[in-house]
Amino acid sequence: MVRLENRQWGLVAIVAVTPFFFAFLLAARSPGLVEPVLGTAIGGASWLLAALLGLLGGALFAGGLSTLAHSPGFATSPVRRVLGMTFASLVPVGLCIVPAICLLLAGPALALRLEHGAAVLPGREQRHTPRELAQRILRQQLPRVLPTLPRVNPR
C-alpha cells in the first residue's frame, strides 16, 4: 500500500468521505429526498455509485500524495508543498467528487421519473402561467399562514 504520514491519511479520509457527508446533509435538510433513494433500485444505485466514486477519489488522492511525498523538494519548500497538494487534489475532485455529488443530487429525481414510468421529455413539459403558479403556491401555503393571522377563523 501507499506509505503516507498520519496527517496525510486524514486528508485522504476527508476526500473519500465527502460524498457520504453530502448525502447525510441532503438527507438531514430534506428527508423526502431519502425516500426515492431507499425505495427504488435506481436511486439506491446512484447513491452507491456516488459513495464508490468518493472512495476512488480518496485512493487517487492517496496516490498523488504518495508521489509528492517521495519527491525531493516536497518537504523543504512550502510553496512547492502547497502547489503540489493543490494539483494532487484537483484530479480526484474533478474526476470523482464532483460527479459523485451530481449523482447524489440527480439520483432521486431520475429514480422517481424512471421507476414510475414518467419519461423525461424536456420540450413537452406542461407550462404554467405565472397566475396558475401563484394560485398553486397560495393554496399550499394558506393553511400554514391562516392559523397565525389574528382574528381569522378558517371554517
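**Helix packing and cores in a predicted model**

There are five helices and zero strands in the protein, which follows the pattern α-α-α-α-α when read along the sequence; the model discussed here is predicted.

Reader: Why are helix α1 and helix α3 called roughly antiparallel?

Author: The axes of helix α1, residues 6-29, and helix α3, residues 41-69, cross at roughly 165° and come within 8 Å. Angles over 145 degrees count as roughly antiparallel, and the crossing angle therefore makes α1 roughly antiparallel to α3. The crossing of these two helices is right-handed.

Reader: What makes up the contact of α1 with α3, and how do its residues divide into nonpolar, polar and charged?

Author: On the α1 side the contact includes W9, L11, V12, V15 and F20, and on the α3 side the residues met include W47, G54, L55, F61 and L65. The residues of this contact divide into 16 nonpolar, four polar and no charged.

Reader: Which residues form the largest nonpolar core, and which helix supplies its largest share?

Author: The largest nonpolar core has ten residues, namely L4, V12, V15, F61, A62, L65, L68, F74, A88 and I97. Helices α1, α3 and α4, the last spanning 78-115, each supply at least two residues of this core, and the largest share, four residues, comes from α3. Apart from this core lies another, of nine residues, with A23, L33, W47 and L53 among them.

Reader: What does I97, a member of the largest core, touch beyond its neighbours in sequence?

Author: Not counting residues up to four places away in sequence, I97 touches V15, T18, P19, G54 and P92.

Reader: Why is M85 called partly exposed?

Author: M85, which lies in helix α4, has a relative accessible area of 24%. Buried means under 20% and exposed means over 50%, with partly exposed in between, so the value of 24% places M85 in the partly exposed class.

Reader: What does M85 touch, and how many residues along the chain separate M85 from G64?

Author: M85 touches L11, F61, L65, L68 and F74, not counting residues up to four places away in sequence. M85 and G64 are 21 residues apart along the chain, and their C-alpha atoms are separated by 8.3 Å.

Reader: How many residues does the protein have, and what percentage of them is buried?

Author: Buried residues make up 26% of the 155 residues in the protein. Among the contacts with a separation of 6 or more, 74% are accounted for by residues 24 or more positions apart.

Technical notes. Residues numbered from 1 in each chain as written. Predicted model: local features only at pLDDT ≥ 70, side-chain atom pairs only at ≥ 80, totals over all residues. Heavy atoms only, no water. Axes fitted to C-alpha atoms, helices over the stretch in contact; angles between N-to-C directions. Parallel < 35°, antiparallel > 145°, perpendicular 65-115°, else oblique. Left-handed = near helix turned anticlockwise from the far one by under 90°. Contact = heavy atoms within 4.5 Å. Nonpolar A, V, L, I, M, F, W, Y, C, P; charged D, E, K, R; others polar. Core = buried A, V, L, I, M, F, W, Y, C linked by side-chain atoms within 4.5 Å. Buried < 20%, exposed > 50% of the residue type's maximum accessible area, 1.4 Å probe, protein only.
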